[in-house]
Amino acid sequence: MNALAKAIYLVGQLAKKIRSRVRNQYYRHLLRHFGEGSQICEGVFITTPWNVSMGKGVQINGRVHVLAREDAPVDIGDGVVLSYEAMLLTAGLAYTGKIKKRAHRALPIVIENDVWIGARAIILPGVRLGRNAVVAAGSVVTKDVAPNTLVAGIPATFKKMIQTSSIVEQQTKADR
Ligand SMILES: CC(C)(COP(=O)(O)OP(=O)(O)OC[C@H]1O[C@@H](n2cnc3c(N)ncnc32)[C@H](O)[C@@H]1OP(=O)(O)O)[C@@H](O)C(=O)NCCC(=O)NCCS
């Protein structure tokens, strides 16, 4: 990399850092709760942010959408990661009436601590994701997900249990 390219790169990085600080301060004031060390990347779309709470060390990557209607909040625990373009949708049209009226049905979404939601996964209204669960990229989650499980597909189904470090530690002790 030549000197000019390096200088341009460094200025770009600095501008990115400043934008990131401003954005996170903005959300710190708007969200119902914004935990220490959480980060919201560029291009994230959050409707009614005052209806969203976020624990500590949460990472929300680019172009994630969070739809949290007034009557259906989104609660995100500590250490959660939402990968690129994932969507949390607490509402949809009440299609049994005339959709022209644009009436909505809404249910809250709860994401417990240390969940990872893969890129482009969609979490539908009323879903609770248990602690340490993983949602594979591109999945559509229609039902609650048990803690320490990997789900994948459309609709997302159980694939396997996840070995947490405490489970691994217990097994290692048992193996000795
Ligand atoms: C889930 C994931 C992490 C793989 O984890 P893993 O522990 O290696 O899981 P495996 O590859 O053993 O897959 C387990 C099962 O889930 C299925 N599966 C994995 N990812 C899937 C996906 N995205 N969609 C559908 N099925 C999937 C596998 O086919 C396998 O199914 P089977 O047991 O019926 O054969 C990975 O597939 C994924 O989705 N990563 C997300 C990447 C991403 O979003 N990155 C953004 C940057 S942070």
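# Exercises on strands, core and ligand

Methionine 161, in β19, is the bridge partner of threonine 149. Keep that pair in view as you start, and remember that you're looking at a predicted model.

**Exercise 1.** Work out how many bridges join β18 to β19, and whether the two strands run parallel or antiparallel.

*Solution.*
- Step 1: Begin with the pair you just met, threonine 149 and its partner methionine 161 in β19.
- Step 2: Count the bridges between β18 and β19: there are four, and the strands run antiparallel.
- Step 3: Now look at the link between them. β18 and β19 make a hairpin with four residues in between, and glycine 153 in that turn has a positive phi of about 100°.
- Step 4: Check what else β18 is joined to. Two bridges connect it to β16, and here the strands run parallel. Valine 135 sits opposite valine 151 of β18.

**Exercise 2.** Find which strands each supply at least two residues of the shell around the ligand, and which residues come nearest.

*Solution.*
- Step 1: The strands are β18 (149-152) and β19 (157-161), and each gives at least two residues to the shell. You've met both already, as the two strands of the hairpin.
- Step 2: Pick out the nearest of the 14 residues around the ligand: Gly118, Ala119, Ala136, Ala137 and Ala152.
- Step 3: Sort the shell by type, and you get seven nonpolar, five polar and two charged residues.

**Exercise 3.** Write down the strand order in each of the two open five-strand sheets, and name the edge strands.

*Solution.*
- Step 1: One sheet goes β3-β6-β9-β14-β17, with parallel pairing. Its edges are β3 (45-47) and β17 (140-141), each of which pairs on one side only.
- Step 2: Zoom in on one end of that sheet. β14 and β17 pair in the parallel sense over two bridges, and isoleucine 123 stands opposite valine 141 in β17.
- Step 3: The other sheet goes β1-β4-β7-β12-β15, again with parallel pairing. Here β1 (33-34) and β15 (128-129) are the edge strands, pairing on one side only.
- Step 4: Zoom in once more. Two bridges pair β12 with β15 in the parallel sense, and leucine 129 in β15 is the bridge partner of isoleucine 111.

**Exercise 4.** Which members of the largest nonpolar core touch the most other members?

*Solution.*
- Step 1: The core has 37 residues, and the ones you want are Val66, Ile117, Ile123, Val135 and Val141.
- Step 2: See where the core gets its residues. Strands that each supply at least two include β6 (65-67), β9 (87-89), β14 (122-123) and β16 (134-135).
- Step 3: Follow one of these residues. Leaving out residues up to four places away in sequence, isoleucine 123 touches Met87, Leu88, Leu89, Ile109, Ile117 and Val141. Valine 141 is a familiar name, as it faces isoleucine 123 from β17.
- Step 4: Step back to the whole protein, where 27% of the 176 residues are buried.

**Exercise 5.** Decide whether serine 53 and glycine 57 are buried, partly exposed or exposed.

*Solution.*
- Step 1: Place the residues. Serine 53 is in strand β4, while glycine 57 is in the loop between β4 and β5 (59-60).
- Step 2: You need the cut-offs here: 20 or more other C-beta atoms within 10 Å means buried, and 12 or fewer means exposed.
- Step 3: Serine 53 has 18 other C-beta atoms within 10 Å, so it is partly exposed. Glycine 57 has 17 inside 10 Å, so it also counts as partly exposed.
- Step 4: Look at contacts, skipping residues up to four places away in sequence. Serine 53 touches Leu31, Arg32, His33, Asp75 and Ile76. Glycine 57 is in contact with Gly35, Gly37, Ser38, Asp78 and Gly79.
- Step 5: Check some distances. Serine 53 and isoleucine 76 are 23 residues apart along the chain, with 6.0 Å between their C-alpha atoms. Glycine 57 and valine 81 are 24 residues apart in sequence, and 8.8 Å apart from C-alpha to C-alpha.

**Exercise 6.** Compare the reach of helix α1 with its expected value, then say how many of its residues are buried.

*Solution.*
- Step 1: Helix α1 covers residues 3-30, which makes 28 residues.
- Step 2: From first C-alpha to last it reaches 41 Å, close to the 40 Å expected at 1.5 Å a residue.
- Step 3: The number of buried residues in α1 is zero, and the helix is hardly covered.

Conventions:
Residues are numbered from 1 along each chain as its sequence is written. This is a predicted model: local features need pLDDT of at least 70, side-chain atom pairs count only at pLDDT 80 or more; totals for chains, interfaces and linings use all residues. A nonpolar core is a set of buried Ala, Val, Leu, Ile, Met, Phe, Trp, Tyr and Cys residues joined through C-beta atoms within 7 Å. Two residues are in contact if their C-beta atoms, placed from the backbone, lie within 7 Å. The expected span of a helix is 1.5 Å times one less than its number of residues. A residue is near a molecule or strand if its C-beta atom, placed from the backbone, lies within 6 Å of it. Ala, Val, Leu, Ile, Met, Phe, Trp, Tyr, Cys and Pro count as nonpolar, Asp, Glu, Lys and Arg as charged, and the others, Gly among them, as polar. Two strands pair if DSSP finds at least two bridges between them.
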